[in-house]
Amino acid sequence: MPEPRHAVVTGASSGIGAAITARLLDEGWQVTALCRTRPTGGAAPRWIPADLSDTAGLPALLAEVGPVDAVVHAAGLQRSARLGQLSTDDGALMWNVHVQAAAVLLDALVGRIADGGRVVLIGSRTMTGVAGKSQYAATKAALAALARSWAAELAPRRITVNVVAPGPTDTPMLRDPGRSATPPVTPPLGTLVAPSDVAGLTAFLLGTEGGSITGQTLIMCGGASL
């Protein structure tokens, strides 16, 4: 009996990260969850308590992680404000969680990712720019640059790196007071993106049939980008 594939998932206790974790566990993966609160639900992943904004402390937490087949960086938050009201602290927090944490995570784990492994970064359709979300959009746009750069570096090892960029998704983030300045808009298809749909696309990229896709940003937005 072969060993189950092993994925490291950040932000695994809520929203998209929780949906991805549940999907992978259902598919027989072993999951190591990096998040502030213990994941709940059905099958439980291995949990490493982690604040992804504390990037200096992240390498020490990752020291106990063994060989890895996939890394999914789903941890995220949104703080919204228009020009004239931007918060330096909010901007730095989003940059740390979305971008710097991804860089530290992959830098620490790259030697432990199996050849033929997978990396998925959870971005946002907002990366193209939306009024009132400039700081958030900038951090999500940076993920595409990371993915393309790492995809080129890791191609000789057949490790794929992609971004999944959902539109407004039905998660607790939509109800976070920190983004109240920009209420979500229902996409043209008439419903918010389901976290399970994002998990499904992510699982495809992590599977055998996703092996020829790398350096790409895949948008699923219910028609919001039309």
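Here are three short exercises on a sheet and a helix that packs on it.

The model is predicted, so local features need pLDDT of at least 70, side-chain atom pairs count only at pLDDT 80 or more, and totals for chains, interfaces and linings use all residues. Residues are numbered from 1 along each chain as its sequence is written, and side-chain values use heavy atoms, with hydrogens and water left out.

**Exercise 1.** Work out the strand order of the sheet and find its edge strands.

*Solution.* Start with the strands, which are DSSP runs of E with at least two residues. Two of them pair if DSSP finds at least two bridges between them. Following the pairs gives an open sheet of seven strands, β3-β2-β1-β4-β5-β6-β7, with parallel pairing. Now look for strands that pair on one side only: those are β3 (46–49) and β7 (217–220).

**Exercise 2.** Take a closer look at how β1 meets β2.

*Solution.* Strand β1 covers residues 6–10 and β2 covers 30–35. They run parallel, and five bridges join them. To pick out one bridge, go to H6: its partner in β2 is Q30.

**Exercise 3.** Which strands does helix α3 touch, and which of its residues are buried?

*Solution.* Helices are DSSP runs of H or I with at least four residues; α3 spans residues 88–109. Next, check contacts (heavy atoms within 4.5 Å): α3 packs on the sheet, touching β1, β2, β4 (68–73) and β5 (113–122). Finally, list the buried residues (under 20% relative accessible area, 1.4 Å probe, protein chains only). They are G91, M94, V97, H98, V99, A101, A102, V104, L105, L106 and L109. Their cover includes α2 (58–62) and α4 (134–154).

How values were computed:
Axes are lines fitted to C-alpha atoms, for helices over the stretch in contact, and angles run from 0 to 180 degrees between N-to-C directions. Buried means under 20% relative accessible area, exposed over 50%, partly exposed in between (1.4 Å probe, protein chains only).
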